[in-house]
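Q: Please examine the structure shown below. The questions that follow ask why certain terms apply to it.

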Amino acid sequence: MGSHEQTLPGAPYSRLASPHNPPLRVIVVGAGLGGCAAALALHHHGHEVVAVLEKIRQFRRLGDSLGLGENAYKLLARWGCNIKEIQEIGNQAPTMKIRRWHDGKVLAEQPLMDMAGYIGHRGDYHDTFLKWVRERNIPIRMGCEVTSYDDSDPAPSLTLASGETLTADVIVASDGIKSLARPLVLGARDDPVSSGYACFRAYFEPSEEMRADPRRNAFLGGDSVNFWIGPDMHVVQNTLRGGKEFNWILTHKDDGDVPESWFQPGDMDEVRRLVADIDPAIREAIQSTEQCLDWKICYRKPLPTWVSPRSHRIVLLGDSCHAHLPTSAQGASQATESAGVLAVCLSMVGRDEVRIATRAYEKLRFPRIRVSQTHGEDLRDRWHNVLKNVDENVEIDPEMVKIKNRPLYAFDAEQDAKDRWSEVSARVRNEIANGKIEPLCD
């Protein structure tokens with residue numbers, strides 16, 4: 001494939017020429033981090049991103065801390081993004097400390113990069129991703145709620161609440177775990193199941209009073225990341241922008257039946273009860289917080305397919321098919337990887353073989369995603385169990401509590417797709433010829 005130069009602010013950018021004439025037309029549903037990553041990847045590989053559709057009318061600085069790993073950086077840089085812009089947003093602390101719940105004793109210290117790359121505010125990362133999409137003149141259409149899909153081959157379509165119908169060669173649904181495309185792809189509704197855990201979360205700018213209070217300012221001197229682990233609970237603390245922003249997240253056992261929402265108000269009295277015996281160095285900072293959010297962590301079983309059954313041209317990406325636990329610290333990074341793999345696969349086939357590309361995409365991604373997801377489950381379980389029934393004088397092996405994401409970073413998702421293309425695409429062709437697509441899992 002050839003390429004042509006396109007200059008973007010901050011760096012020259014080499015976009016690949018389309019392998020198709022005309023280019024494949026793609027609609028991306030959802031303008032979150034996954035949707036933006038999909039738009040960037042598809043554009044880089046020469047496909048025409050007709051529009052990125054977002055149902056809300058205006059973005060707000062939502063959420064709190066989020067990490068992006070080196071596995072995502074290498075792809076974003078390849079797509080012409082100036083990754084210094086997001087590295088500067090992130091936490092600049094060189095290391096993170098994993099501490100014992102009740103007294104703050106450091107059980108392990110490791111490079112911050114071992115967890116999630118740079119940890120920053122989700123809203124700041126999102127703003128940067130949106131800017132990159134706009135720099136490429138990819139239309140982002142706000143206030144566009146999808147109300148239905150038509151899984152027709154070779155031209156799937158979607159209808160908006162306004163009544164407008166849009167058609168494309170491929171539709172990428174990257175609009176989260178409640179995506180309307182999920183039941184279409186699955187052929188049934190899948191309801192969330194409680195994971196048995198929930199997170200209380202708070203993100204705020206410390207007041208001058210807090211800065212001056214020695215009971216609350218232990219972690220305000222500069223960027224820092226700390227974890228306190230205890231039986232069935234852990235706390236994450238981030239201090240960003242040199243102490244100008246403060247974030248804590250308390251993960252705890254919870255079987256409450258509250259809908260999945262980032263906006264459910266939290267009960268600070270319950271928070272104060274849960275952290276009554278935590279390390280005093282962080283206790284007052286948490287207990288004096290005025291308000292927080294309560295996020296019930298719901299579990300969804302791995303999906304047997306990410307691709308629509310009739311046309312094979314409506315595809316799930318990101319949280320709509322592979323949501324991660326917070327302890328994985330890989331949700332956004334894995335969505336970025338999926339974006340790159342989908343774009344590569346679409347470039348490997350002719351216009352009339354899109355189904356080969358989409359089915360190869362899900363087969364290439366599923367095993368990798370399961371490794372990443374289980375890393376988060378493993379870490380949570382290790383943190384919540386390692387100190388149970390253990391005398392405080394017993395030394396804990398640091399390896400028992402360390403975050404083990406570093407092996408995930410060496411992976412190049414696009415190169416892996418190219419390396420394995422012949423084998424995986426042959427398997428897909430055989431399945432389609434036999435009229436039976438093998439499910440990704442039982």
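A: The structure is a predicted model, and the discussion begins with its internal space. One cavity of 30 Å³ or more is counted.

Q: What makes this space a cavity, and how much space lies in the largest cavity?
A: The term applies because a 1.4 Å probe fits there but cannot get out. About 40 Å³ of space lies in the largest cavity.

Q: Which residues line the largest cavity?
A: The lining consists of Tyr197, His234, Thr251, Ile297, Leu325, Pro326, Thr327 and Arg380.

Q: How do the residues of this lining divide into nonpolar, polar and charged?
A: Four residues of the lining are nonpolar, three are polar and one is charged. Arg380 belongs to the lining, and Arg counts as charged by definition.

Q: Why is the chain called as compact as a globular protein of its length?
A: The chain contains 13 helices and 19 strands. Its radius of gyration is 22 Å, and the globule rule gives 22 Å for 442 residues; the two values are close, so the chain is as compact as a globular protein of that length. Along the principal axes, the C-alpha atoms fill a box of roughly 65 × 45 × 45 Å.

Q: What percentage of the residues of the chain count as buried?
A: Of the 442 residues, 55% count as buried. The word applies to a residue with under 20% relative accessible area.

Q: Why is Leu76 called buried?
A: The relative accessibility of Leu76 is 0%, which lies under the cut-off of 20%, and Leu76 therefore counts as buried. This residue has its place in helix H2, residues 70-78. From Leu76 to Asp190 there are 114 residues in sequence and 32 Å in space, C-alpha to C-alpha.

Q: What makes strand S17 mostly covered?
A: Strand S17 spans residues 245-253, and eight of its nine residues are buried.

Q: How do you know that S17 pairs with strand S14 and with strand S16, and in which sense?
A: Two strands pair if at least two bridges are found between them. S14 (residues 193-204) and S17 have eight bridges and are antiparallel, so the condition for pairing is met. In this pair, Phe204 has Phe246 in S17 as its bridge partner. S16 (residues 233-240) and S17 also pair in the antiparallel sense over eight bridges. Here the bridge partner of Val236 is Ile249 in S17.

Q: What lies between S16 and S17 in their hairpin?
A: Four residues lie between the two strands, and Arg241 in the turn has a positive phi of about 55°.

Q: What is the order of the three strands in the open antiparallel sheet, and which are its edge strands?
A: The order is S10-S11-S12. Strand S10 (146-150) and strand S12 (165-167) are called edge strands because each pairs on one side only. Neighbouring strands of this sheet are turned by 25° against each other on average, direction ignored.

Q: How do you know that S11 pairs with S10 and with S12?
A: The cut-off is again at least two bridges. S10 and S11 pair over four bridges in the antiparallel sense, with Leu160 in S11 as the bridge partner of Val146. S11 (residues 157-160) and S12 pair over three bridges, likewise antiparallel, and the bridge partner of Thr159 is Thr165 in S12.

Q: How many residues join S10 to S11, and how many lie between S11 and S12?
A: The hairpin from S10 to S11 runs through six residues. In the hairpin of S11 and S12 there are four residues between the strands, and Gly163 takes a positive phi near 100°.

Q: In the five-stranded open sheet, is the pairing parallel or antiparallel?
A: The pairing is parallel, and the strands stand in the order S9-S4-S3-S13-S19. The edge strands are S9 (140-141) and S19 (314-316), each of which pairs on one side only. Within this sheet, S3 (residues 25-29) and S13 (residues 170-173) run parallel and are joined by four bridges. Ile27 stands opposite Ile171 in S13.

Q: What holds the strands of a sheet in pairs?
A: Strands of a sheet pair through backbone hydrogen bonds, either parallel or antiparallel.

Definitions and conventions: Residues numbered from 1 in each chain as written. Predicted model: local features only at pLDDT ≥ 70, side-chain atom pairs only at ≥ 80, totals over all residues. Heavy atoms only, no water. Axes fitted to C-alpha atoms, helices over the stretch in contact; angles between N-to-C directions. Buried < 20%, exposed > 50% of the residue type's maximum accessible area, 1.4 Å probe, protein only. 1 Å grid on protein atoms, 1.4 Å probe; cavity = no way out; pocket = protein on both sides within 12 Å on 5 of 7 lines; lining within 4 Å. Points joined across faces, edges and corners; volume = space filled by probe spheres on them. Rg over C-alpha atoms; globule rule 2.2 N^0.38 Å.
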